[in-house]
Amino acid sequence: MAFNKRIKIKSLLESDFVGQEVTLMGWVRTKRSNKNVSFVALNDGSTINNYQVVADPNIIEEEILKRITTGACIKITGQIVDSQGAGQNSEIAASKIEILGDADPEKYPLQPKKHSLEFLREIAHLRMRTNTFGAVFRVRHALAFAVHKYFNDKGFFYIHTPIITASDAEGAGETFKVTTLDIKNPPLTEEGKIDYKEDFFERETNLTVSGQLEGELAAMALAEIYTFGPTFRAENSNTTRHLAEFWMIEPEMAFYDAEDNQDLAEDFLQSVIGYALEHCKDDLAFLDKRAAEEEQSKKADQRSELGLLERLQFVTDNKFERITYTEAVEILRNSTPNKKKKFQYLIKDWGVDLQSEHERYLVEKHFKKPVILTDYPKEIKSFYMRLNEDGKTVAAMDILFPGIGEIVGGSQREERLENLTARMEEMNIPQEEMWWYLDTRRFGATPHAGFGLGFERLVQFVTGMGNIRDVIAFPRTPGNAEF
């Protein structure tokens with residue numbers, strides 16, 4: 001069948017093949033016919049653009065033409081000719097068509113009409129065949145490639161941190177347990193508790209919530225590393241912002257302080273988004289139009305002032321504003337929506353955790369540029385963040401974007417053993433279980449820093465999709481592990 005000799009539609013549209021005989025393969029999006037000819041819109045996944053196939057019933061037998069239905073997979077051999085219609089410069093005049101896979105039009109759920117995103121989630125095994133999801137997953141690929149390219153070009157080393165771990169990096173306790181024990185009849189200790197000594201790892205284990213702590217160990221030898229892998233949170237949350245399984249990008253750098261960390265994160269975000277803008281023009285143009293249509297269905301006060309492409313340029317073209325948490329609280333406390341009680345969560349006192357509405361106000365209304373917030377109260381941040389000289393704040397940073405609020409969280413790490421153990425005591429984190437982590441402070445400690453970026457949040461921002469479940473191929477959420 002000479003599959004390897006097919007031409008991709010993306011290549012056809014980017015080069016001049018007129019006069020050449022080629023072979024195309026793909027899935028039928030639409031077919032329209034009259035007495036003299038059939039026109040088939042073909043898509044092979046290489047681009048959002050379809051390619052027109054012209055099938056003459058005097059050349060292509062009627063039985064084959066009948067089987068060319070929406071969703072069917074076909075192979076076309078023919079000559080590329082100048083297109084007579086609008087929309088594209090060339091088309092293929094079919095000399096031979098083979099049906100690779102039929103699609104019963106009475107049963108195929110994706111018809112040439114607009115389907116809701118909710119419906120498409122129910123058929124996630126087919127939704128990548130739509131324009132919207134084809135575009136989303138091509139952009140997702142480009143962003144993933146851009147992440148690896150950025151860090152590789154900077155001399156970072158890619159580390160695979162464990163998926164199964166005995167630690168809970170965030171201390172939140174919302175983890176998925178990993179066990180080989182018989183859950184109906186587990187072995188018990190004399191005290192009547194589950195005897196994990198009988199388990200595969202001879203201790204309690206869970207799926208990782210973060211690769212950061214192990215990443216720090218690698219940075220203490222290789223200096224600059226990054227992780228990019230799956231993480232898991234057993235948070236019973238059914239919102240548009242949460243997944244139970246998602247991918248995290250976590251660079252960790254020795255010899256970096258808080259300012260170095262901010263510089264890297266800003267440059268990284270601008271670089272990977274710039275890569276998508278350069279390499280995903282057709283897909284982003286489609287998603288920009290789609291996002292604009294979605295905005296029209298929202299209430300006027302909920303609409304974004306910027307279109308999708310404008311939001312992306314907003315990030316790549318503006319130097320990020322850097323302010324402390326304390327400065328941010330003052331701005332928010334004195335803001336019009338706070339004074340007029342328009343915020344759902346009013347800002348009264350220093351020390352409160354900022355909500356998405358506050359973060360978006362700072363970015364979209366006050367500064368009108370991305371914001372890096374620094375120096376948060378230690379009480380609302382993790383144990384591993386470096387204590388500042390004031391004894392009240394830590395060298396944390398969050399990066400805030402338009403539309404979604406926080407997209408990156410990071411800090412300079414606490415390298416001083418006595419400070420770190422004091423914080424662990426304050427937060428009831430058992431030091432004996434973290435002996436390996438504390439060893440990095442005992443032997444050759446150095447200032448170091450890092451940050452975490454939820455990859456799906458980045459993809460969501462770049463594609464303009466409103467629900468995080470629509471930027472990962474097979475979302476895992478409470479009550480849903482289909483496909």
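**A walk through the sheets and helices**

In strand 9, L207 is the residue that I164 stands opposite. The pair is a useful entry point into this model, which is predicted, and it belongs to the antiparallel pairing of strand 7 with strand 9 (residues 205-207), a pairing that rests on two bridges. These strands are part of an open sheet of three strands, whose order is 7-9-8 and whose pairing is antiparallel. Strand 7 and strand 8 (177-178) are the edge strands here, each of them pairing on one side only.

Before going further, it helps to have the whole chain in view. The protein chain has 483 residues, 49% of which count as buried, and its secondary structure consists of 14 helices and 16 strands. Its C-alpha trace spans about 85 × 60 × 45 Å along the principal axes, while the accessible surface comes to about 24,300 Å², with 49% of that area belonging to carbon and sulfur atoms. If one takes the contacts between residues at least 6 apart in sequence, 68% of them join residues that are at least 24 apart.

A second open sheet has eight strands, which follow the order 6-10-11-16-15-14-13-12 with mixed pairing. Strand 6 (157-158) and strand 12 (321-324) stand at its edges, and because each has a single partner strand, one side of each is left without a neighbour in the sheet. At one of these edges, strand 6 pairs with strand 10 (residues 224-232) in the parallel sense over two bridges, and F157 stands opposite I225 of strand 10. Helix 9 (residues 325-333) also packs on this sheet, where it touches strand 12 and strand 13 (371-377), and the direction of helix 9 makes about 90 degrees with that of strand 12.

Helix 5 (residues 212-222) touches elements from both sheets. Its buried residues are Q212, L213, E214, G215, E216, A218 and A219, and these pack against strand 7 (164-165), strand 10, strand 11 (245-254), helix 13 and strand 16. Strand 7 among these partners is an edge of the three-stranded sheet, whereas strands 10, 11 and 16 are listed in the order of the eight-stranded one. Just after helix 5 comes A223, which takes a positive phi of about 75 degrees.

Helix 13, one of the partners of helix 5, also meets helix 12. The axes of helix 12 (residues 417-426) and helix 13 (residues 435-442) come within 9 Å and cross at roughly 155 degrees; since angles over 145 degrees count as roughly antiparallel, the two helices are therefore roughly antiparallel to each other. On the side of helix 12 the contact is made by L417, L420, T421 and M424, and on the side of helix 13 by Y437, L438, R441 and R442. Sorted by class, this contact has five nonpolar residues, one polar residue and two charged residues.

The chain then passes from helix 13 into a loop that leads to strand 16 (448-454), and T446 is found in that loop. Is T446 buried or exposed? Its relative accessibility is 13%, and because buried means under 20%, T446 counts as buried. When neighbours within four places in sequence are left aside, the residues in contact with T446 are M220, A254, F255 and E415. Of these, M220 lies within the residue range of helix 5, and A254 lies within that of strand 11.

Terms used
Residues are numbered from 1 along each chain as its sequence is written. This is a predicted model: local features need pLDDT of at least 70, side-chain atom pairs count only at pLDDT 80 or more; totals for chains, interfaces and linings use all residues. Side-chain values use heavy atoms; hydrogens and water are left out. Axes are lines fitted to C-alpha atoms, for helices over the stretch in contact, and angles run from 0 to 180 degrees between N-to-C directions. Helices (H or I, at least four residues) and strands (E, at least two) are DSSP runs, numbered from the N terminus. Angles under 35 degrees count as roughly parallel, over 145 as roughly antiparallel, 65 to 115 as roughly perpendicular and the rest as oblique. Contact means heavy atoms within 4.5 Å. Ala, Val, Leu, Ile, Met, Phe, Trp, Tyr, Cys and Pro count as nonpolar, Asp, Glu, Lys and Arg as charged, and the others, Gly among them, as polar. Buried means under 20% relative accessible area, exposed over 50%, partly exposed in between (1.4 Å probe, protein chains only). Accessible areas come from the Shrake-Rupley method with a 1.4 Å probe; for residues, only the protein chains shown count as cover. Two strands pair if DSSP finds at least two bridges between them.
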